[in-house]
Amino acid sequence: MLMLHCPFCDEYVEETELQAGGEAHLKRFGPGSSDDEFHDYLFTRENPKGVHFELWRHINGCGKWFIAARCTVTLEVFGTYPANCTEPPQWIKDKISEKRPGWTWREFAG
Amino acid sequence: MKRYSAFAVAREALRYHMGWERAWTSPAPKRHYDVIIVGAGGHGLATAYYLGKNYGITNVAILEKGWLGGGNTGRNTTIIRSNYLQDPSAAIYEKARSLYEDMSQDLNYNVMFSPRGVIMLAQTEHEVRGYKRTAHANALQGVPTEWIDPKRVKELVPIINLEGPRYPVLGGLWQERGGTARHDAVAWGYARACSAMGMDIIQQCEVTGVRSENGRVVGVNTTKGSIDCDKLGMVVAGNCSHLSDMAGFRLPVESVALQALVSEPIKPCMDVVVMANTVHGYMSQSDKGEMVIGGGTDAFNNYTQRGSFHHIEETVRALNETFPMVSRLKMLRQWGGIVDVTGDRSPLISKTPVNNIFVNAGWGTGGFKAIPGSGWAMAELMATGHSPLAEEFSMNRFKEGKFIDESVAAGVAH
């Protein structure tokens with residue numbers, strides 16, 4: 001079972017306490033955007049084999065949203081941070097670089 | 001290829017079974033093929049088979065990074081049915097189900113298709129309405145299904161508990177010609193038939209790059225060297241995003257783990273397939289006597305081929321209520337497979353932004369039942385550029401808002 005650290009409660013909690021929220025750092029497109037942008041925002045998702053960033057909600061706890069940096073191949077968790085960040089904090093980027101040299105993800109946005 | 005027959009069994013019995021040939025060959029890759037299919041699972045092999053059988057295209061290689069049928073083809077719960085709500089789904093799944101009917105004869109390979117019947121239990125008022133609607137839709141689509149009452153459910157499944165305190169059985173959607181098949185045999189049978197047509201099945205050959213020039217695919221790089229092709233078919237389920245990244249385009253799918261488990265073998269107790277979508281569990285009994293149980297998907301992206309244990313707990317808890325005898329069973333094995341799920345839970349059989357690359361993916365939690373129909377449509381699309389069966393399953397349907405929304409129709413796994 002996946003266990004994640006809730007940055008608000010400062011506790012490691014089991015997956016059953018959490019709700020998965022899908023890909024993190026999405027840039028929102030709405031009225032005025034092009035069809036392609038709107039399509040990608042709604043339907044196209046990163047599906048990496050490796051480092052991934054995704055939203056989680058501590059639904060059976062504090063109820064707050066946070067972001068987990070995780071490896072989809074090993075289920076290793078590199079760290080979690082509050083959802084109101086536009087990109088991961090440097091310590092998480094450093095930790096990922098240490099464990100997965102040369103990792104990439106799409107551009108962080110919003 | 002020597003045909004399998006009762007005569008062949010007798011002949012081999014007289015000579016210590018020394019005359020059986022290998023079911024398929026394992027050649028080194030050639031420099032160039034007309035068509036390369038990536039992924040030797042059921043869908044990939046079926047695509048190759050119908051390319052040869054229906055269109056005479058036999059200069060085909062099927063590349064597989066692991067072993068043949070070792071992905072989701074060997075990991076599913078082998079349920080075959082076609083009682084879908086939406087017309088495009090019913091058409092392709094019913095095509096697949098009808099091809100399963102005489103697949104053993106067609107391939108000269110016993111795939112053990114067992115049309116034992118499939119019940120989808122209705123355990124809420126909402127489901128009752130939903131399944132009645134599906135039964136009406138199926139009548140219009142020419143797919144024989146019927147709504148049955150709890151008494152009939154009990155006749156078909158004597159071990160069922162109709163009076164579950166939380167989710168009583170209120171009836172069911174019954175497809176008499178649904179059932180199961182031997183999943184490995186489907187892959188092996190197609191592989192043998194493809195090999196007999198002169199196609200090359202190349203196992204332990206991972207694609208590491210896709211080469212294209214001027215928006216056209218020209219070949220792939222693999223762990224067994226570079227291979228050229230005129231057309232490329234990507235049929236790799238959970239790894240389709242990984243492969244499409246190499247080709248330079250994105251697919252509207254996410255990969256998650258789906259789990260299943262089997263019990264210890266017991267005497268025959270249930271001769272139909274039962275699906276309980278509200279409580280999220282489905283069960284059938286294999287020929288070996290094991291109860292084969294399907295679970296749920298994880299909610300997060302995953303490539304590990306194992307799922308979270310709490311899904312097993314939920315599934316078994318639900319089945320305990322509906323089938324009280326399950327509570328006394330030991331479970332033998334549990335495993336996971338990586339399924340590629342689209343936004344509307346319907347597959348992609350589609351052209352792609354790169355000319356001459358075709359994709360067959362997104363079957364999510366319900367790909368096994370579709371194998372022959374999917375291969376049939378994919379082969380037609382690759383050979384002729386157009387397939388009526390596949391038309392609605394284009395990857396552009398999201399942009400056009402033409403969803404085939406089985407996620408709403410089925411609620412959960414399908």
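**Close-ups of chains B and A**

**View 1. The two domains of chain B.** Measuring over C-alpha atoms, the centres of domain 1 of chain B and domain 2 of chain B are 27 Å apart. Domain 1 covers 31–82 + 85–108 + 183–252 + 344–410, and domain 2 covers 118–179 + 255–339 (bounds from an automatic or database domain assignment). This is a predicted model: local features need pLDDT of at least 70, side-chain atom pairs count only at pLDDT 80 or more, and totals for chains, interfaces and linings use all residues. Residues are numbered from 1 along each chain as its sequence is written, while chains are lettered from A and ligands numbered from 1 in the order in which they are written.

**View 2. Where the domains of chain B touch.** Domain 1 puts 19 residues into the contact and domain 2 puts in 25 (contact: C-beta atoms, placed from the backbone, within 7 Å). On the domain 1 side, β3 (79–80) and α3 (87–101) of chain B each give two or more residues, and α3(B) gives the most, with four. Helices are DSSP runs of H or I, at least four residues, and strands are E runs of at least two, numbered from the N terminus.

**View 3. A four-stranded sheet in chain A.** This open sheet runs β3-β4-β5-β6, with antiparallel pairing (strands pair if DSSP finds at least two bridges between them). β3 (19–23) and β6 (77–82) of chain A are the edge strands, each with a single partner, so one side of each has no neighbour in the sheet.

**View 4. β5 beside β6 in chain A.** Five bridges link β5 (residues 65–71) of chain A to the antiparallel β6(A). Here F66(A) sits opposite P82(A) in β6(A).

Methods:
Two residues are in contact if their C-beta atoms, placed from the backbone, lie within 7 Å.
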